[in-house]
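Here is a short set of exercises to work through with the viewer open. Try each task yourself before you read the solution.

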There are 2 protein chains.
Amino acid sequence: MPKNAQWLLAARPQGIVSPSNFEWRETEVPELAEGQARVRVVYLSLDPTNRIWMEDRESYLPKLELGEVMRGVGLGVVEESKNPNLAVGDLVQGLLGWQRYYVSNGRDVSKLPKLPIPLDAYFGLLAHIGFTAYFGLLDIGKPKPGETLVVSAAAGAVGSLTGQIGKIKGCRVVGIAGGAAKCEWIVKELGFDAAIDYKSENVARALKRECPNGIDIYFDNVGGEILEAALANLNLGARIPLCGMISQYNNAAPAPGPRNLAMLLMKRALIQGFIVTDYASRFAEAGQEIVGWYLAGKLKYRTDITKGLEQAPATLAKLFEGTNQGKLLVEVSAAG
Amino acid sequence: MPKNAQWLLAARPQGIVSPSNFEWRETEVPELAEGQARVRVVYLSLDPTNRIWMEDRESYLPKLELGEVMRGVGLGVVEESKNPNLAVGDLVQGLLGWQRYYVSNGRDVSKLPKLPIPLDAYFGLLAHIGFTAYFGLLDIGKPKPGETLVVSAAAGAVGSLTGQIGKIKGCRVVGIAGGAAKCEWIVKELGFDAAIDYKSENVARALKRECPNGIDIYFDNVGGEILEAALANLNLGARIPLCGMISQYNNAAPAPGPRNLAMLLMKRALIQGFIVTDYASRFAEAGQEIVGWYLAGKLKYRTDITKGLEQAPATLAKLFEGTNQGKLLVEVSAAG
């Protein structure tokens, strides 16, 4: 049997997430019981929501206890199976955790279709990333041609897809990102109409300039001051899909909310939180459309891949520094 | 011709609204031109939103300029008409303003049907009050039998109807109001399941006690700390119709928003602002159902009527002190 290695949640983060929150453990992979399958983890997805899972409270998933394997979405290959629904070589996705091997009961992973896309695109384009962009924008944002869509964390995994889908739907798309390189990328490579660098300019003022007709949809990945700036520029009937609040996750104490929430009242606007798993019954439909856009050259993605499970904690910290360029993945084992 | 009298907006309120914001003017009622009608104002409705209209900025309506007649929803009787659509004796409603007489062009008022209800019920049960409760709760809140509905400003004009409609729809209804008398009224007279006196207890704790199954709908009339307390107790998929934020209207500087807005994310919940006029095409349908409930004894209302246009400014101040008991009206002229 191969050896397993795992990162355990060793301590709750106080403020910024840090490698000291995790503990490395080498262990055995258990023999499979009837109905089980051994999955070799290929990629782990690192996402802002990982920070939420480390807190000492329930979120949209049960609380993770100290000493448990760190929760993480992964993609893997079935290496051995005593489950009739999983065959050796099958590609699966699920909460595989921060470890080399995952033992599945067959119901806790999704079998992935073989698609004409690179393996990292299962995370860069599909899964919780692509489906979050797709359903958040289309189901809650309800974009109409000619409307103005603003996306925060626009060079991030979800934000970059959201803006491109907005373009496909005929919107004027304005992205907010940190730093000149990210801003250039979303405009020159992804076709956003404009970018706002929140590190170098006043976002509220820049939104007024770049959204001369106001904001119809604000796809929020960050919360905080940028949400406040967007609220100040809303159009009547605007929609705010609330996808994330990364600006808040590392706060030890909760920060005050936007001072102008009454804009929702004035503009008959909507903020709606959502979780991609609520749309699971429609993933196949969404995946087909997304892959179609990708193959037609209308949708690009970028992954930022760190090799080695050992690097997972340090790589997660990078996500909150905002230094990654593209969807952050850890390659736990070779894709081949 | 009768004499007119008017309250003009003389100064923008700084903090608490006060009689010194208004100026009294006596003037003539102009001769009617072709197409016009003279309306004698019977009731003026005083509402939290009046404070919004006094600000130096657009809201959901154009800004009111200094020196203009104070904006107000009124109910009146046509006394003279050169408009073929309005006959002497017709009952009309619209933005008649704080004055004795309004000259209508026939398109700026709605003709009211003659219904088997007292005249003050056109405001107590219908108009912007009743329709706000009806559409906010039913269209945004989407109550289902067995769900828990929490209403703030629950003894207020909109809140008291909202809670009763929630009971009709089979919800557990918890009202938040200020003071023992109001709390007793909503439970004993209106049939709410429980009341929380925000002046005498910690609302967050009381919500936990009174909503053992969590909150499915929070009908928000007040914003501020009570919104924060409600957010802390939301169920998955909760809905927050945002009807008003009266706790904020007298603030000179905007107060911070709720610190726990991320609950929207965790609970896939929704906050949606709305304005009753968006539902104008369905007022007739709603009115019929509301009057039916009233005649069946399922819906009660209470009005708090001050006599004399002269009293309008002082009466508005009372609204923000929360000392009124029921829908606040000013009787400008006799109903008969």
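**Exercise 1. Work out what share of chain A is buried, and describe the overall build of the chain.**

Step 1. Of the 336 residues of chain A, 49% count as buried, where buried takes 20 or more other C-beta atoms within 10 Å of a residue's own, exposed takes 12 or fewer, partly exposed is in between, and C-beta atoms are placed from the backbone. This is a predicted model: local features need pLDDT of at least 70 and side-chain atom pairs count only at pLDDT 80 or more, while totals for chains, interfaces and linings use all residues. Residues are numbered from 1 along each chain as its sequence is written, and chains are lettered from A and ligands numbered from 1 in the order in which they are written.

Step 2. Now the secondary structure: chain A has eleven helices and 15 strands. Helices (H or I, at least four residues) and strands (E, at least two) are DSSP runs, numbered from the N terminus.

Step 3. Chain A has a radius of gyration of 20 Å, close to the 20 Å from the globule rule for 336 residues, so it is as compact as a globular protein of that length. The radius is taken over C-alpha atoms, and the rule is 2.2 Å times the number of residues to the power 0.38. Along the principal axes, the C-alpha atoms of chain A fill a box of roughly 60 × 45 × 35 Å.

Step 4. Finally, check the contacts (C-beta atoms, placed from the backbone, within 7 Å). In chain A, 67% of those with a separation of 6 or more are between residues 24 or more positions apart.

**Exercise 2. Find how chain A is related to chain B, and how the two meet.**

Step 1. Superpose by least squares on the C-alpha atoms of residues with pLDDT of at least 70 in both copies. A turn of 180 degrees with a shift of 0.0 Å along the axis lays chain A on chain B with an RMSD of 0.0 Å. That is the relation of a two-fold axis. G257(A) has the C-alpha nearest the axis in chain A, 1.9 Å from it.

Step 2. Turn to the interface, where chain A gives 29 residues and chain B gives 29 residues. On the side of chain A, α9 (263–266) and β13 (270–273) are the elements that give two or more residues. The largest share, four residues, comes from β13(A).

Step 3. 100% of the interface residues of chain A are also interface residues in chain B, so the copies meet through the same surface.

Step 4. Look at the strands: β13(A) and β13(B) run antiparallel and are joined by three bridges; pairing takes at least two DSSP bridges between strands. I271(A) stands opposite I271(B).

**Exercise 3. Decide whether Q288(A) is buried or exposed.**

Step 1. Locate Q288(A) in helix α10 (residues 283–295) of chain A.

Step 2. Count its neighbours: Q288(A) has 12 C-beta neighbours inside 10 Å, so it counts as exposed.

Step 3. Check along the chain too: L115(A) is 173 residues apart from Q288(A), yet their C-alpha atoms are separated by 9.5 Å.

**Exercise 4. Trace the pairing of β5(B).**

Step 1. Strand β5 (residues 91–94) of chain B is joined by four bridges to strand β4 (residues 73–81) of chain B, and they run antiparallel. One bridge partner pair is G74(B) and G94(B).

Step 2. Three bridges join β5(B) to strand β7 (residues 109–111) of chain B, again antiparallel. Here V92(B) stands opposite K111(B).

Terms used
Two residues are in contact if their C-beta atoms, placed from the backbone, lie within 7 Å.
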